[in-house]
Every structure is written in structure tokens, then in C-alpha cells.
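Biologist: I am new to this one. Please show me the structure, and I will ask how you know what you claim.

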Amino acid sequence: MEGTMGSIRDEEYAFASERVDRQGTFRSEYLDFDRGIRVGHLAVEERLTQIIKSRLTERYGVRMLCDRWGRGMYWQWLCWVPEPNKKAKPLSAGHNFGSTKFYVTIDRAQRLFQSGMQVERAPKRPDAQGPLTVETDWDWHVLLKALGEDTLPHHLSRLLREGFRIRVGAFASRTEYAHYNWDLNACRRNAQRFSATAWGGFQLFWPMPEQEVQATPGPELVEAIMAVFAEVTPVMNLCMYAPCLPEPQRVWDTRPFPDELSVP
């Protein structure tokens, strides 16, 4: 896939909190299942990057760093990295790859909008195309340890029962788990044993079908994304080198979000 990856600097995209209200003016048609997530040629209060950044900062009280993959008007993947966890890393504070993050993306093949959390692993040894390697302070190692304990698998099992999905392994050949095929031991093996030369990771996400997205007004989509992020916050903290997110009350206990969505 074509594209570039890099941080969105505050001086390039002003935070402009007075212009980004609680929902901004995001519209569902900005999620294009053929081209990606529209960010270009929009006012700051229309950009999902800035709306979600404002909401996350308000909720957690920590600075969030926007990152993205793609180019032009439509980007393929967006994320928000809690800065305190990133800055705490003695070896890897200079880039976002090693840090757990909230993310959204569009799966064009399955026609799904994903929102959730992601942990990445770089190759274990460099090559000509990608000299970056996984360091000992990457959150990937925290994730692997947590998968062998009790608390993280408990959270994952609950979320899978509620409709979340997991993808793990090399990005080119990830294994997907839902509630009906969940296997903790297999998930651990897939996380531990994929090729040392490959980029890979772990994603926990809510799948929202294209027809649901198209039928949902923009402000409600923002609320749905924030509801998902609240649900994955305990998992985020369990995967962080320096956990830093206060855990909000479970929003799905009081909101109708999951019952209104159908999982294919």
C-alpha cells in the first residue's frame, strides 16, 4: 500500500479547542470505504483527528499525540498516543511506534470501520527497507507478559463476547479472533512467533459495518468511537510501559451503543 507515516504536529494542525466543540462538525461521509478517512480540505473542527484529540484530552487529562498513515485528502489509519507513556520510555521516546495507542481505520476488504487500540512490534533485526527494530522498552513486551497473566485475558474474553474482535501477528497475515473462535494460547503463540523480519502487532477493535456508518450522523459516530475507547482503556493500561489513563465508568452500562450495532 502507498502512503507515508508521521506525527501531526500541533503547529501544523492547531489544537484550536475553542473551535473543536464536544462533537465538532464531523460528518459520516468523511468515512469513505473506497478512499479512506477524509482529513484534507476540512476546517479544524471538522477533522476527526482534532475532534477525537480534544475529547480524549478532556476525558483523560493527558496530552494526546496524533499520528497517521496515508497521504493526500484521505488517510488510511489514524491514531492517538498518550504522551506520558511515550515520554517515559528510556530508549524509544523519540517515536510513536513503540507505544500503545487508540486508533481508527477502514477495512476496505471487509467494508468495516474499526475503532479500538493497537500495539506494534517492529522487526527484531533491521533490513535495508526498515532499519528500525523493536526495543526492550516497547509496549509489545508488556503486552506479551500480560497475555500470560490473568487480568488481560479476562478483559479480552469479556470484550470479545460483547462483539469486539482481535487481530494479531504479522501485519501481512494477521489472525483474527471473535468470540466464537477465541483461543488465548493460540493468540499468544501468534504474537510470540511471527517472523523476526516482519512488522506486526495486536489490535483490539469494534467492527462497524459500512451500512451502519452511512446511517449514523457524524456526532453519533464520534460518540460511538469514544464509547469504544472507554471500553479498551483497561486493556491499554495493561499494555503500557507507564500506564497513564484514568479508567472511565463503563459507558456501555448506560448507553445503547452496542445493541444498536450489528456485527457481521
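Biologist: In which sense do strand 4 and strand 5 pair, and over how many bridges?

Modeller: First, a caution: this is a predicted model. Strand 4 (residues 64–71) and strand 5 (residues 74–82) pair in the antiparallel sense, over 8 bridges. Pairing needs at least two bridges, so these strands qualify. Gly70 stands opposite Trp75 in strand 5.

Biologist: What lies between the strands of that hairpin?

Modeller: There are 2 residues between them, and in this hairpin Gly72 takes a positive phi near 75 degrees.

Biologist: How do you know whether strand 4 is enclosed?

Modeller: Count the buried residues. In strand 4, 7 of the 8 are buried, so the strand is largely enclosed by the rest of the structure.

Biologist: Why is Glu210 called buried?

Modeller: Buried means under 20% relative accessible area. Glu210 has 18% relative accessibility, so Glu210 counts as buried. This residue lies in helix 6 (residues 210–215). Leaving aside residues up to four places away in sequence, Glu210 touches Phe33 and Arg111.

Biologist: Which residues of helix 5 are buried, and what puts them on the same side?

Modeller: In helix 5 (residues 184–193), they are Ala186, Cys187 and Ala191. They cover an arc of only 135 degrees around the axis, which puts them on the same side of helix 5. The buried residues of helix 5 pack against helix 3, strand 8, strand 9 and strand 10.

Biologist: What makes a polar contact at the start of helix 5?

Modeller: A side-chain oxygen of Asp183 comes to within 3.1 Å of the backbone nitrogen of Asn185. The cut-off for a polar contact is 3.5 Å, so the pair falls inside that distance.

Notes. Residues numbered from 1 in each chain as written. Predicted model: local features only at pLDDT ≥ 70, side-chain atom pairs only at ≥ 80, totals over all residues. Heavy atoms only, no water. Buried < 20%, exposed > 50% of the residue type's maximum accessible area, 1.4 Å probe, protein only. Helix = DSSP H or I, 4+ residues; strand = E, 2+ residues; numbered from the N terminus. Arc of directions from axis to C-beta. Contact = heavy atoms within 4.5 Å. Polar contact = N/O pair within 3.5 Å; in protein donor to acceptor, adjacent residues only side chain to side chain.
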